[in-house]
Amino acid sequence: MTNETGSQVQKKETNTNNNKPSFKPKLSFEGMRNLGNTCYMNAVLQALASLIPFITDLGNEKVATNIPELSFYKSLLGVMDLSLQSDHGVIDPEPVKTSLQNYAKIFSGYQQQDAHEFLICSLSQIETDFSNYVKRHHSQDFVSMYCPIKRNFNSILERTITCTKCDQKSLINEVYWNLSIDICNKQEFIAHKLRIDQGLPLRELSKYIGSKPSISNLLELFFQSEEVEKHCQC
């Protein structure tokens with residue numbers, strides 16, 4: 001007979017890539033030219049320009065030579081290469097925008113858009129370009145080994161679901177590029193900590209009082225165990 005019992009879910013993150021940078025960044029360019037209300041794009045491009053292992057993998061000759069010049073992949077690579085030139089001034093990101101809007105019409109025009117959505121669309125199109133062209137010339141093992149997105153952004157979220165009645169455990173692995181972390185103020189953070197750490201002496205929570213939650217604090221909350229309803233065979 002199937003019973004519906006309480007279960008606890010634990011989450012653990014594993015990065016699928018342990019590569020070290022092949023060289024140190026030299027980000028001395030003067031920024032990206034504003035094409036209108038395109039600060040969302042410029043912010044993402046400058047963030048990507050700081051990820052030297054990603055740029056290195058993007059420009060890998062074994063990969064880049066198989067991808068057409070007019071692809072989004074090559075447009076982004078061109079802008080990233082310019083960002084590494086110490087004597088380069090303001091960079092024109094127009095090729096990146098023009099190329100991506102061919103696949104994602106939402107980025108047509110020069111209105112303000114969401115930076116996170118631009119990032120996800122960009123990563124997705126890089127992976128698509130890579131898969132469409134590189135797999136024609138190489139094995140699936142090569143594709144898995146050299147894809148810039150898989151090497152730099154893929155992580156595995158491991159969820160452990162434990163039945164509170166019979167202690168039976170089940171594991172679920174999810175591949176993801178980003179975490180959806182709730183942003184809360186310090187009062188909400190303290191209240192959340194109190195709910196999670198029931199019985200913890202107040203002095204243990206005093207370190208959170210009077211300060212804003214850090215990224216580490218928010219990640220801590222994200223990976224806390226939580227109770228869910230799930231059917232178990234016990």
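This note comments on a helix pair, a strand hairpin and a pocket in a predicted model.

1. Helix 4 (residues 72–83) and helix 6 (residues 115–134) approach each other, their axes coming within 8 Å and crossing at roughly 120°. Angles of 65 to 115 degrees count as roughly perpendicular and those over 145 as roughly antiparallel; the two helices are therefore oblique to each other.

2. On the side of helix 4, the contact is made by Phe72, Tyr73 and Leu76. Helix 6 contributes Ser122, Gln125, Ile126, Asp129 and Phe130. By class, the residues of this contact comprise 5 nonpolar, 2 polar and 1 charged.

3. Strand 2 (residues 155–163) and strand 3 (residues 169–176) run antiparallel and are joined by 8 bridges. Within this pairing, Ile161 stands opposite Ser170 of strand 3.

4. The same two strands form a hairpin, with 5 residues between them. Asp167 lies in the loop that links strand 2 to strand 3. The phi of Asp167 is near 70°, a positive value in a residue other than glycine.

5. The second largest pocket has a volume of about 160 Å³. Its lining includes Val44, Ala47 and Leu48, together with Leu119, Ile120 and Leu123. Helix 1 (39–49) and helix 6 are the elements that give two or more residues to this lining. Also among the lining residues are Leu51, Asn152, Phe153, Trp177 and Asn178.

6. As to the character of that pocket, the lining has 9 nonpolar and 2 polar residues, and no charged ones. Helix 6 thus appears in two of the points above: in the contact with helix 4 and in the lining of the second largest pocket.

Technical notes:
Residues numbered from 1 in each chain as written. Predicted model: local features only at pLDDT ≥ 70, side-chain atom pairs only at ≥ 80, totals over all residues. Heavy atoms only, no water. Axes fitted to C-alpha atoms, helices over the stretch in contact; angles between N-to-C directions. Helix = DSSP H or I, 4+ residues; strand = E, 2+ residues; numbered from the N terminus. Parallel < 35°, antiparallel > 145°, perpendicular 65-115°, else oblique. Contact = heavy atoms within 4.5 Å. Nonpolar A, V, L, I, M, F, W, Y, C, P; charged D, E, K, R; others polar. Pairing = 2+ DSSP bridges. 1 Å grid on protein atoms, 1.4 Å probe; cavity = no way out; pocket = protein on both sides within 12 Å on 5 of 7 lines; lining within 4 Å. Points joined across faces, edges and corners; volume = space filled by probe spheres on them.
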